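Hi,

Here is the structure I said I would pass on. Have a look at it first, and my notes follow underneath.

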Amino acid sequence: MEPFSDQFMEFHPIHGTNVRLDHSGTQATRVESFANGVCFSKHPLNPGEIFLIEIEDKELGWCGHLRIGLTARDPRNLDVVPEYSIPDLTDLGDSWVFAITRNHNKIREDSGVQEEEEVNTMSKTFFTDTHLYIENVRIPRDKLVGRSRPGRFSHILDDLYKTNALPPTARRSRIGVLYVPKGQGQADMHIVINGEDMGASARAIPTIQPLYAVVDVFAATKCVRIVQVEYGFSSLQTLCRKAIQKHIVHRMAIDWLELPEALKHYCKYE
């Protein structure tokens, strides 16, 4: 199952008091303190549609990291945006939010055998599958994994990123949330970190009301950017990037090509 059409993802104009959005509505920065960084998707998500963000900047000195999830509360109907997603927003009800940690985020299933089989399957298909499959949901894998900033050791770091070794809370890490319909007006919430499904972090979520994505730019996470996911045919820009990346040794070599600077930037960072 895939969304029928691509929609341009933006943050909702209603957000925490310490959040500043850029002109495109796709970058959210917490400009003060460590709290009041709660953001929402501008529109409700479609079933199986991922709301994907990348961590762009961090702030030292705080404990805790990004929080992400879903809410059935329309941001326009909130008297005030809660200071924290956990527990303030979740205590209001109809909200399911998960705190991202530096290490373990995987939801353990009841069956250890099932978990082992899933790990083995993932290791065999991570390099070959063009899509991530979560039950009947199919998500293009192209945008799900973050990459290092080009630099002296880019050719080494890229290999680590491809094997999903990027820590969840690091800069360039990509984290997404979606819901998977389970029938009878219910769904499971899944969180995807750098191309890996963390499992159902919330179950039996009622889908009778529209569900918005929640992103709490909290504590050590200072700035996040929405990553647009293409479910249909790839854009010409994306096809050009794939062709260029396929024929270079590593990203630093892109600078040697006679290409527009905007295209070079896109090839190196996306």
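**What I found**

K222 counts as buried because its relative accessibility is 19%, and the cut-off for buried is under 20%. Keep in mind that this is a predicted model. The side chain of K222 meets that of E59 in a salt bridge, with 3.9 Å from N to O. K222 sits in strand β13 and E59 in the loop between β4 and β5 (67–71), so this pair ties together parts that are 163 residues apart in sequence. On the other side of the bridge, E59 is partly exposed, with a relative accessible area of 25%.

**More salt bridges**

The structure holds 13 salt bridges, and I picked out a couple of others for you. R225 and E54 meet through their side chains at 3.4 Å, N to O. R225 is in strand β13 (residues 221–227) and E54 in strand β4, so the two tie together parts that lie 171 residues apart in sequence. Both R225 and E54 are buried. They also belong to a network of salt bridges that links E54, E56, R172, R174 and R225.

Then there is K42 with E10, a salt bridge at 3.8 Å, N to O. This one links distant parts of the chain too: K42 is in the loop between β3 (38–40) and β4 (51–58), while E10 is in the segment before β1 (19–21), 32 residues apart. K42 counts as partly exposed at 32% relative accessibility, and E10 counts as partly exposed at 22%.

**The chain as a whole**

In the protein chain there are five helices and 13 strands. It has 270 residues, and buried ones make up 49% of them. If you take contacts between residues at least 6 apart in sequence, 69% join residues at least 24 apart. The chain exposes about 13,600 Å², with carbon and sulfur atoms supplying 54% of that.

**Cysteines**

How many disulfides are there? The count comes to zero. C39 is in no disulfide, and the nearest cysteine sulfur, that of C223, is 9.9 Å away. A disulfide needs the two sulfur atoms within 2.5 Å, so that pair does not qualify. As for whether the cysteines are buried or exposed, C39 counts as buried at 1% relative accessibility, whereas C63 counts as exposed at 74%.

**Backbone oddities**

Most residues other than glycine have a negative phi, and most peptide bonds are trans. With that in mind, here are some spots to look at in the viewer:

- I86 and P87 are joined by a cis peptide bond, with omega at about 5°. P87 is in helix α1 (residues 85–91).
- A204 has a positive phi, near 55°, and is not a glycine. You will find A204 in strand β11 (residues 196–206), where it is partly exposed with a relative accessible area of 41%.
- A219 is not a glycine either, yet its phi is positive at about 55°. A219 lies in the loop between β12 (212–216) and β13, and at 0% relative accessibility it counts as buried.

Cheers

Notes:
Residues are numbered from 1 along each chain as its sequence is written. This is a predicted model: local features need pLDDT of at least 70, side-chain atom pairs count only at pLDDT 80 or more; totals for chains, interfaces and linings use all residues. Side-chain values use heavy atoms; hydrogens and water are left out. Buried means under 20% relative accessible area, exposed over 50%, partly exposed in between (1.4 Å probe, protein chains only). Helices (H or I, at least four residues) and strands (E, at least two) are DSSP runs, numbered from the N terminus. Contact means heavy atoms within 4.5 Å. Accessible areas come from the Shrake-Rupley method with a 1.4 Å probe; for residues, only the protein chains shown count as cover. A salt bridge is a side-chain nitrogen of Lys or Arg within 4 Å of a carboxyl oxygen of Asp or Glu.
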